[in-house]
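Me: I'd like to go through the strands of this model with you, one question at a time. Shall we take a look?

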Amino acid sequence: MADEVPGTRTHQEEASLDQLYRDVIFEHYRRPHNKGALDGAEIVTKGNNPVCGDRVTVYGKIKDGRLDDVKFEGKACAICMASSSMMTEAVKGKTLAEAGAVADNFKSMMRNEVPFEALPEVPDIEALEGVRKFSVRVKCATLAWTTLKNGIVEYQAGKQGGETCTEESCAT
Ligand code: ZN
């Protein structure tokens, strides 16, 4: 191959890798994991990314200091939906402190502040690594994680779920 550079991936390999990652993202987009509302959730937090129009609500049920269940709802682009789906898997069962740290670490990875490493709980997350190249899309990928972290902080500050804005008051 004329344009092959020794020691790097060929264009063909790059392309098929990109395709693989796109497939992973679209699979989560089409069939998001843990999507839906959670009745009686202690954490109910909304987040929105006006740049893209992504809106998500993150729900967390807390039991013995752990996120016993985590779900999300929303209208968002494929990257945001896929990342939200992966977020729920990454933090379910973790203590609030652990979940907050996982969310912070993911944001740091997406902002290129630390090396990108796939999470053992969510190998699929590797598919989001390429999103870092597109700075406007980074917020799509981090929205659900930021929203979860905000929810944890609010909960720890003593605010109960449900005190976040309603659909009506968020409309503007
Ligand atoms: Zn988006």
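**The sheet and its helix**

Me: How many bridges join β1 to strand β2?
Reply: Happy to help! This is a predicted model, where local features need pLDDT of at least 70, side-chain atom pairs count only at pLDDT 80 or more, and totals for chains, interfaces and linings use all residues. Residues are numbered from 1 along each chain as its sequence is written, and side-chain values use heavy atoms, with hydrogens and water left out. Strands are DSSP E runs of at least two residues, helices H or I runs of at least four, numbered from the N terminus, and two strands pair if DSSP finds at least two bridges between them. Strand β2 covers residues 54-63 and runs antiparallel to β1, and the bridges joining them number seven.

Me: Which residue of β2 is the bridge partner of G47?
Reply: The hairpin of β1 and β2 has four residues between the strands, and G53 takes a positive phi near 90° there. In β2, G47 has as its bridge partner V56.

Me: What is the strand order in the open sheet?
Reply: The sheet has three strands with antiparallel pairing. Its edge strands, pairing on one side only, are β1 and β3 (66-75). The order is β1-β2-β3.

Me: Which residue in β3 does K61 stand opposite?
Reply: Nine bridges pair β2 with β3 in the antiparallel sense. Opposite K61, in β3, is D69.

Me: Which helix packs on the sheet?
Reply: The helix spans residues 135-156 and touches β1, β2 and β3 (contact: heavy atoms within 4.5 Å). The name of this helix is α4.

Technical notes
Axes fitted to C-alpha atoms, helices over the stretch in contact; angles between N-to-C directions.
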